[in-house]
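This report describes the fold, the ion pairs and the backbone features of one protein chain. Please keep the sequence and the structure in view while reading.

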Amino acid sequence: MRSESLRRAGPVAVVGLALAFGALSVGYAWVVARHLRDDARDTTRLLGRVFAGLNDPRPDAAAAALLDLAGQVRALGVPIAVTDTAGRVTATANASFGDAAAVDAATLRAWVASLDRVNAPLVQPGVGTIHYGSLPVARRFTLLAALEGGALLCLVALAVWAYRWRMALEGDRLWVAMARESAHQLGTPLMSLTGWIAYLREQGVAGADLVGHLEADTERLERVAKRFERTGRPARREPVAIGSVAERVVEYFRPRLPTLANPVALSLTASGPGPNALGDPVLLEWALEALVKNAIDALSGQGGRVAVRVESHGAAVRVSVTDDGPGVPADVRRRLFQPGVSTKPGGWGIGLALARRIVEQQHSGRLTYAPGDEGRGSVFAFALPLAPAS
């Protein structure tokens, strides 16, 4: 199951991101320390050359010192351009394109503009306007900062996911506990009801049809209790004839549909008992019942048609439940499968959430909603992987 895989991968991802963030922090600190050390060395070298030029008694010592300083500045790697009052480039250093004489004026202007976006130009009387960029090490700082920010965002996102997953897990635990407690509470009256039905049959009480209906409903309640007992347990993995499951669901609902005022018609389209999907027959029947019950409830008070269709769809089996009711309001569709969301007065909003949980979390399938033809009605469909051929 996808959620189970994510749950197992969560701690590994946290540890990995924490190690990556720690490594980036150490790397960033190391680059900063190395830059400060190199900066102190280069500054000391420049000052030493200035003092050497000032103390040199030779006539040309000052000019030689300035040329040497210019060479050392170029060695630092800072891109520099000097322009005159007319905006013409008169000198360059560490240009990305190499020799300034090899490029046209438009390229030079674009490069000077890119330097000005990094730092504001300096005006030096007697020299011109000096445009300069950043040290090469600044790009390393930017890259490391971006990587650290990305790792931090991933950690935050993972923390938010872990919190939401934890809250969902608490809700699931409450759901499972309520389901099992309901199954436990149903056990005693079911045993009593079964005994009374057996007593009525032994006494030969008139109304055999009534006793038969009571037995059918009792069996139904027993199946519901067993479903509740299965909640929260791992789903079985066995071949399930989806056509047969759909037939049982339709045959259960048909005698209970309204036939006088606002009648509801329920139809099934299936090529036979198959195709087979790999899953838990009890839970899959429960999911399909929830979808059919939802469609029937949508037609309450107005009548209409509900169509169940089972068909092979590539490597999957697809089951759709279509009704011609009023459909789902647009503002509810995004939250339709969330527990507690319902469009029916007094609805609990559990059926669709339960169906999605069974199909997607326990069977690795996919449950979707789509409006019906011409925007009227609803189509709920789920797809399950086909069982491997035996």
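## Strand pairing and the terminal hairpin

Two strands are taken to pair if DSSP finds at least two bridges between them. In this predicted model, strand β10, which covers residues 366-371, is joined to strand β11, residues 378-385, by 6 bridges, and the two strands run antiparallel. R366 of the pairing has A383 as its bridge partner in β11. The connection between β10 and β11 is a hairpin with 6 residues between the strands, and within the turn E374 has a positive phi of about 60°.

## Overall composition

The protein contains 9 helices and 11 strands. Of its 390 residues, 30% are buried, and the protein exposes about 23,400 Å², with carbon and sulfur atoms supplying 61% of that area. When contacts between residues at least 6 apart in sequence are considered, 65% of them join residues at least 24 apart.

## The five-stranded sheet

The hairpin strands belong to an open sheet of 5 strands, whose order is β6-β8-β9-β11-β10 and whose pairing is mixed. Its edge strands are β6, residues 264-269, and β10, each of which pairs on one side only. Neighbouring strands of this sheet are turned against each other by 15° on average, direction ignored.

At the β6 edge, 6 bridges join β6 to strand β8, residues 304-313, and these two strands run parallel; here T269 stands opposite R309 in β8. Over the other end of the strand order, helix α9, residues 351-361, lies across β10 and β11 and runs at about 135° to β10.

## Salt bridges

Side chains of opposite charge can pair when their charged atoms come close. A search of the whole structure gives 8 salt bridges, and three parts of the chain illustrate how such pairs are placed. In helix α9, R356 forms a salt bridge with E360, with the closest N and O atoms 3.4 Å apart, and the two residues lie 4 residues apart in that helix, about one turn. R356 counts as partly exposed at 25% relative accessibility, whereas E360 counts as buried at 12%. Salt bridges that share partners join R356, E360 and R366 into one network, and R366 is the residue whose bridge partner in β11 is A383.

A second pair is formed by the side chains of E285 and R248, which meet in a salt bridge at 3.4 Å, N to O. This pair links distant parts of the chain, since E285 is in helix α7 and R248 is in helix α6, residues 242-253, with their positions 37 residues apart. E285 is buried, with a relative accessible area of 9%, while R248 is partly exposed, with 41%. In a third pair, the side chains of D84 and R88 meet at 3.2 Å, N to O, and R88 is exposed, with a relative accessible area of 53%.

## A buried glutamate and a nonpolar patch

Helix α7, which spans residues 281-298, also holds E289. Is this residue buried or exposed? E289 counts as buried because its relative accessibility is 4%, which is under the 20% cut-off for that class. Leaving aside neighbours within four places in sequence, E289 is in contact with R220, R227, V249 and F253.

On the surface, L152, V156 and V160 make a nonpolar patch of about 240 Å². V156 lies in helix α4, residues 136-202, and is partly exposed, with a relative accessible area of 44%.

## Unusual backbone geometry

Most residues other than glycine have a negative phi, and most peptide bonds are trans. Against that background, N262 has a positive phi of about 50° although it is not a glycine; N262 lies in the loop between α6 and β6 and counts as partly exposed at 35% relative accessibility. S364, likewise a residue other than glycine, has a positive phi near 55°. S364 lies in the loop between α9 and β10, and is partly exposed, with a relative accessible area of 35%.

A cis peptide bond joins G274 and P275, with omega about -5°. P275 lies in the loop between β6 and β7, the latter covering residues 276-279.

Notes: Residues numbered from 1 in each chain as written. Predicted model: local features only at pLDDT ≥ 70, side-chain atom pairs only at ≥ 80, totals over all residues. Heavy atoms only, no water. Buried < 20%, exposed > 50% of the residue type's maximum accessible area, 1.4 Å probe, protein only. Contact = heavy atoms within 4.5 Å. Areas by Shrake-Rupley, 256 points an atom, 1.4 Å probe, with all protein chains shown as cover. Axes fitted to C-alpha atoms, helices over the stretch in contact; angles between N-to-C directions. Patch = residues over 30% accessible without salt bridge, like charges linked within 9 Å, V, L, I, M, F, W, Y side chains within 5 Å. Salt bridge = Lys/Arg side-chain N within 4 Å of Asp/Glu carboxyl O.
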